[in-house]
Amino acid sequence: MKKLVLTLVALVFVVQAFAQIDLRKKIEVNGSAEMEITPDEIYVGISLKEYMKDAKRKISISTLEKQLQAAVLKAGIPAQDFMINNLSSYTNYWEKKKDPAFLASKQYRLKVKDLSNLDAIIAAVDAQGIAYTNIESYSHSNIEAYKNELKVKALKNAKDKATTLVESIGEKLGGVLLIQDHNSDFTPQPMMYKTMAVRAEMADAGAMPDIDFKKIKLNYTINAAFEIK
């Protein structure tokens, strides 16, 4: 009797194990989609620095800042898109009290929709007072919508691939069994922004000036499994 019970228990486990095995015929493929979009949210870093005009006269941060603010307003950029990033100096506080030639620097962050009027903004500021300009980051205001669009396209691409392969052997594609989303978002890298004057100097020197701004490249890969009828 005991052996019979153990045998029945073993049979139950075997039946359950077979029940968990998916015996349906299936095909698994990768689908992909990509697109390039032009950024409409570009964050530009601008660093201003005081400098000595001559032995006695210093061009202050406040003077340079007023020039930059006026240029930003003239370009029609909202006040909230122009902000201070950091305040620093070339010497420390105690040296400032001792040294009348103490020089400070100030960093700003500017949000623009494109770079078309950035040259005019930079040109309105005393060139000697500009330490550097660079692109800190960039994105698109509707990037999430583009991502969702790509996901759908990638899944449709996977289905098209599976349909072509299955029909080539006289079978029909069934419903989807599995969808795995492999996201590979873009990661924008900071880059130096070359002003119009710098690009002109590069062109005169025979170098190719960097004019076009990098586009955002989005790509998605979907792994999908479909049943074969």
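In this predicted model, V112 has a handful of partners from elsewhere in the chain: setting aside its neighbours within four places in sequence, V112 is in contact with D40, E41, I42, V44 and I77. V112 itself sits in strand β6. With a relative accessible area of 5%, V112 falls under the 20% cut-off and so counts as buried. One of its partners, D40, is 72 residues away along the chain, yet the two C-alpha atoms are separated by 7.4 Å.

Just past the end of that strand comes a loop. Strand β6 covers residues 104–112, helix α4 covers 118–123, and D114 lies in the loop between them. Unlike V112, which is buried, D114 is partly exposed, because its relative accessible area of 37% lies between the 20% and 50% cut-offs. D114 also pairs up in space with a distant part of the sequence: its C-alpha atom is 7.4 Å from that of E41, although the two positions lie 73 residues apart in the numbering.

V112 and D114 come together again in the lining of a pocket, the second largest one, alongside D40, E41, I77, P78, D81, K111, K113, S116, N117 and S141. The volume of this pocket is about 220 Å³. What classes of residue make up the lining of the second largest pocket? Sorted by class, the lining has 6 charged, 3 polar and 3 nonpolar residues. D40, E41 and I77 thus turn up twice in this account, as contacts of V112 and as part of the pocket lining.

Moving along the chain, helix α5 takes up residues 143–167. This helix has 25 residues, and the distance from its first C-alpha to its last is 36 Å, close to the 36 Å expected at 1.5 Å a residue. Which residues of α5 are buried? They are I143, K147, L150, A154, A158, A162 and V166.

After α5 comes a loop that leads to strand β8 (173–184), and E171 has its place there. At a relative accessible area of 26%, E171 is above the 20% limit for burial and under 50%, so it is partly exposed. Leaving out residues up to four places away in sequence, E171 touches V166, K25, I228 and K229. V166 is one of the buried residues of α5. As for K229, it is 58 residues from E171 in sequence, but the C-alpha to C-alpha distance is 6.7 Å.

E227 belongs to strand β10, which runs over residues 216–228. Its relative accessibility is 25%, and E227 therefore counts as partly exposed. Not counting residues up to four places away, E227 touches R24, K25, K26, K172, L173, G174, G175 and L177. K25 is also touched by E171. Among the contacts of E227, G174 is 53 residues away along the chain, with the C-alpha atoms 4.6 Å apart.

Pairs like these fit the picture for the whole chain. Among contacts with a separation of 6 or more, 82% join residues 24 or more positions apart. In terms of secondary structure, the chain comes to 10 strands and 6 helices. Of its 229 residues, 32% count as buried. The chain exposes about 14,900 Å², and 57% of that is supplied by carbon and sulfur atoms.

Conventions
Residues are numbered from 1 along each chain as its sequence is written. This is a predicted model: local features need pLDDT of at least 70, side-chain atom pairs count only at pLDDT 80 or more; totals for chains, interfaces and linings use all residues. Side-chain values use heavy atoms; hydrogens and water are left out. On a 1 Å grid over the protein atoms alone, a cavity is a set of points where a 1.4 Å probe fits but cannot get out, and a pocket is an open set with protein on both sides within 12 Å along at least five of seven lines; lining residues have an atom within 4 Å of a point. Grid points are joined across faces, edges and corners, and a volume is the space filled by probe spheres set on the points. Ala, Val, Leu, Ile, Met, Phe, Trp, Tyr, Cys and Pro count as nonpolar, Asp, Glu, Lys and Arg as charged, and the others, Gly among them, as polar. Helices (H or I, at least four residues) and strands (E, at least two) are DSSP runs, numbered from the N terminus. The expected span of a helix is 1.5 Å times one less than its number of residues. Buried means under 20% relative accessible area, exposed over 50%, partly exposed in between (1.4 Å probe, protein chains only). Contact means heavy atoms within 4.5 Å. Accessible areas come from the Shrake-Rupley method with a 1.4 Å probe; for residues, only the protein chains shown count as cover.
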